[in-house]
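Reader: I'd like to learn how to read cores and pockets in a model. Could you walk me through one?

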Amino acid sequence: MEKLITGLWGCFFGVVFGMLAGAVFAYARSLRRIALNAALAALASAFYVVAFLGGLPIDNAQTLTGSLAVVTITVSVLLTYLLFALLGLTKSQRMRRGLFAALCSLFLLALVSGWQLSPGNFLMVGTAMAILLGLVALGVAAKKAWSGERLNWAVVFGICCMLVALTGLSAIAHDRDRVSLWVQAISALTATLYMVTMASVMWSRYAYLIELHKLMAYGPSYDPVTRMRTHQETGHMVGAIFKSFRDKPQPMGVVVLTIANLYSLEQLHGVPAVNHALFVCAVRLRRTVPSYIQMGRLGTDGF
């Protein structure tokens, strides 16, 4: 059982590392906001788990309990803001400022009221506030999911897993020696599922932004099937390259790839099969061709 728990927590931190690597990649592609959100979500979740599993270098039990309460309040407020940003509630500046002010006020209120209590009660207040914020985020995500945004169902599932993991880790912190191994296993499993779900949702948002950036760059000349320039835009690209070489001649190579039998494929299986073939070929080209080489469609069956 202990090996299973260790393996699950290992998976959790593996997903955290994957999210951080994806955040670095997204930052390199100039998607800085989503990169920052992903990195903060991964680091905050990992720090919370490490703290509640006994990773804080504090020997005094009362000080440790109070510190865990502060960690709970801080991480819950931060993750709530990031969740609301993921749900699209921070698009307008007015909503972003209002949400930030409300969460900061709640954060200060919880800290001020908690310091008047014993460390154990302070931790209970922090846990209750974290659960309350999670339920609010769950309600918002469920409302958006019911309105037709299917991706938010994954967010709903992730928040449910997060609430279970939060409850389990709180139980571990309150009585680490007597808590059941099943509580630790369920906490590790739900925490891992939460991170996997959030990573998949953020990756979906990231892929959407990549598509949007290409569409904004090419405009009507963007081909959604191959995610490349259209035939007309490719002609403009080649013309611009030749024009730039008039003053300063440089060596240039042109490679044309033509897919045979697309007409036969269309007659046998229809247009969707042709689009699928073009899509697969374009994906493989983008993976193999260096980034400094310009690509685009040529006619209906070439690149």
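Author: Let's take the cores, then a cysteine, then a pocket. Keep in mind that this is a predicted model.

Reader: Fine. Which residues have the most contacts inside the largest nonpolar core?

Author: The general idea first: in soluble globular proteins, nonpolar side chains tend to be buried together. Here the largest nonpolar core has 69 residues, and those with the most contacts inside it are Trp-9, Phe-52, Leu-68, Val-155, Ile-159 and Met-195. Helices H1, H2, H3, H4, H5, H6 and H7 each give two or more residues to this core. Apart from it there's another core of nine residues, including Ile-259 and Val-274.

Reader: What does Leu-68 touch, sequence neighbours within four places aside?

Author: Leu-68 is in contact with Ala-51, Phe-52, Leu-56, Leu-123 and Ala-173.

Reader: Now the cysteine. Is Cys-281 buried or partly exposed?

Author: Buried means under 20% relative accessible area. Cys-281 is at 27%, so it counts as partly exposed. You'll find Cys-281 in helix H10, and beyond its neighbours within four places in sequence it contacts Ile-259 and Phe-303. Its C-alpha atom is 9.9 Å from that of Gly-302, 21 residues away along the chain.

Reader: And the pocket: how much space lies in the second largest one?

Author: Rolling a probe the size of a water molecule over the atoms shows where empty space is left. The second largest pocket holds about 550 Å³. Its lining has 20 residues, with Gly-253, Val-254, Val-255, Ile-293 and Gln-294 the closest to the centre.

Reader: How does that lining divide into nonpolar, polar and charged?

Author: It's 16 nonpolar, four polar and no charged. Helix H8 supplies the largest share of the lining, four residues.

Definitions and conventions
Residues numbered from 1 in each chain as written. Predicted model: local features only at pLDDT ≥ 70, side-chain atom pairs only at ≥ 80, totals over all residues. Heavy atoms only, no water. Core = buried A, V, L, I, M, F, W, Y, C linked by side-chain atoms within 4.5 Å. Buried < 20%, exposed > 50% of the residue type's maximum accessible area, 1.4 Å probe, protein only. Contact = heavy atoms within 4.5 Å. 1 Å grid on protein atoms, 1.4 Å probe; cavity = no way out; pocket = protein on both sides within 12 Å on 5 of 7 lines; lining within 4 Å. Points joined across faces, edges and corners; volume = space filled by probe spheres on them. Nonpolar A, V, L, I, M, F, W, Y, C, P; charged D, E, K, R; others polar.
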